[in-house]
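Please follow the description below alongside the sequence and the structure. The account begins with a single residue and then turns to the confidence of the model and to its nonpolar cores.

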Amino acid sequence: MRLIISILILLFPFVATAQTVTKGRVSDASTSEALIGANIYVKSDWQKGASTDVNGEFSIKGLVTGDTLVISYIGYDELLYRYNGEKELQIRLNSSATSIDEVIITAEKLVAEEFTYKKVKRLDIYLNPSAKADPLLAVNSLPSSTTLDESANVSFRGSSPGETGVFVNNAPLYDFVRFSQLNGIGTFGIFNTAMVDELLVFPGNPPLEYGNTTSGLIAIKTTEKVPEEEVKNVTVSLASYGFLISQPINKKQSITAFSNYQPAAIIKAINSEALNAIEDFNSIDLGLSYLNILNDNTILKVFNYSLLEGYDFNLTSPTLNTLFQQRKKRNFTITNLRRKIGNSEITFNNNISFSNSNFRYADTDIELNNFDGFGSLNYLYTQSKMSFKSGIALDYREQHFDGTFYTIDYAEGPGFPTASSRSTTELIRPEMYAYLTYYASDKWTFGGGLRKNIPTKNQDDFLSSQVSSKYSISETSSLTFGLGNYHRYDFANEGGSVLNESKQVSLDYSYSKSGTTLQASVYAKNTVVNSLESDITGLELFVRTKIANKLRGQLSYSIIDGTSKNSEGVEFPNAFDLDYFVRGNLEWRLNANWTFNSTFSFRQGNYYQPFTRAVFEPEVDAFRPEFSGLTNQSRLPDYGTIDISLSRMIPISEKVNIIAFGTMNNILNRENIRTYTYNFDYSERSTSLFSQRTVYFGAVINF
């Protein structure tokens, strides 16, 4: 630990001087939005400079009257500013990226965007210590997330992660996590934050222009701007080495490439005690993105992603202590073509995706091959008072299962009974939809839509529906109401397919003014997933504000009342039944380039069925455990964790800067219990824990 602290101290040296400090802020000339990471330096001495922080603010020491400042930011015109002794500077830059030989292309409009709960920008992900630079982990830090583990699988408002839809450039992805296990739970998402322009988050009432989702929805958009010059960055950290290059081909075309390699050796050596259950992990990915503005009204985007990964950890059960091995290959290609014709717009979206996963432990050897093919054709019409969008979509999914597995869940290990199976399941899902948004006045906006499937292969006939309204109380506050009935087809655990249904109602209040944001939400839903019916009601409260001059904070509180009923009519507490779920963050801007963050999360422990007795079964030579029923569940101890991070932006030259960072997760090394495990005859109980204290640091070099 002393070595780690020494490394962090050396990584972030403080330098004290007595020179005069000049402060300032850099913003967009048209929107006044802060520009984060803009470079400011003295023309006669480029080593005297700074970069803007998350608020667009900076400070420079030792300026003298007559100095010429050079202010630059990618996508904006460079500005020369003559310093006349001011103590505070307000600098506005004009955008240069929206004009490409007089061609102006606007981003594709989401017709239900008026009802978006949250927009997450790329820099919001980078600057969120809980996100670990991962878009899905950033979503999991939102107050509407009710994920009960530390994975990248996102649960919204008491719904299972399997109900959450994830779309990239309007195409669905069903396999979007790294280091996944047989249950599909993975540690990180597969998305590289550098490719993300923004995330749109709908924690409930997902817009019906997207299909096959019954709970929340995450819509990821990649950039549609051709960079004026080459953009490069390199990432070096304990468990990740990567690069990104974005290169303009000409004024209308660009290509972006990125790759990341994740080895385990260094981070395991430094965090050996916390990561002792993990034997090894490694992954390498490659992403390519092509953007072509074909003419004044037409744009083409192609995004391809490939991933190879491996993950080994120690698996323990009453009859088994062995190595679990996972290997995975993953590739998808998303193509988007959009053509604007007057007030109308026609779009075509396509995704071809496949993955091969292999899971092995003891006598178990399972291989899953998935293929997903998606295509949609959409028509959008907009005018001052309304937006109308309709379309058709075909989603084809195919899963091949081939494996050997244990037939008795309490008897796993060499010599215990196994079985082999091979099967292929298809899901063919053609659908059509229509959605209308009507802007009744400056204060009232209404929306509604229908989505209808065309049943195939003995599928049920269903109609999804949705209505929404938004009332702008003032320029700073609004109310949003949503009501809907949603459907999702998915693979069933026992083979074949299953139709899930969710009925939802929600009311969200939002207030934002002078750096203070308040949000309050109430919701209720009835969901049927795999014959398990759940009733959920919940309340969310959120506040973010400036506490002091350099200190900002946010706090969220959620409460959920949930019950479930199985196919036999037995009622029991829902897994997401929570009296409290508290998250918070404190951000201290030490100066223009230094940031200290502390995040925390506290909630009730998960439900579990207590062990009652073990009965020896001589035919399998193992003990069969018996547990209390679903109606007599208990809770694990409360969960709580506090993380801290320290980062510094270091300007090197007018085009080069380094963002150095260090984090420590679960600084109190609290033993948060994930589940209980038992020995062979169940006479002794031990605990399986969530993440313990870990240290991580690295740097991102932009040039």
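Ser478 has a relative accessible area of 12% and is therefore buried, the term denoting under 20% relative accessible area, with exposed meaning over 50% and partly exposed in between (1.4 Å probe, protein chains only). Ser478 belongs to strand β27, which spans residues 477-491; helices (H or I, at least four residues) and strands (E, at least two) are DSSP runs, numbered from the N terminus. Beyond its neighbours within four places in sequence, Ser478 is in contact (heavy atoms within 4.5 Å) with Lys470, Tyr471, Ser472, Ile473, Asp508, Tyr509 and Ser510.

This is a predicted model, in which local features need pLDDT of at least 70, side-chain atom pairs count only at pLDDT 80 or more, and totals for chains, interfaces and linings use all residues. Residues are numbered from 1 along each chain as its sequence is written, and side-chain values use heavy atoms, with hydrogens and water left out. The chain has a mean pLDDT (the predictor's confidence in each residue, from 0 to 100) of 86, and 92% of its residues reach 70 or more. Over residues 1-18, pLDDT stays under 50.

The largest nonpolar core, a set of buried Ala, Val, Leu, Ile, Met, Phe, Trp, Tyr and Cys residues joined through side-chain atoms within 4.5 Å, has 35 residues, of which Val139, Phe176, Phe191, Leu199 and Ile218 touch the most other members. Elements giving two or more residues to this core include α3 (135-139) and β13 (196-202); α3 supplies the largest share, four residues. Apart from this core lies another, of 32 residues, among them Phe313, Ile366, Val620 and Tyr678.
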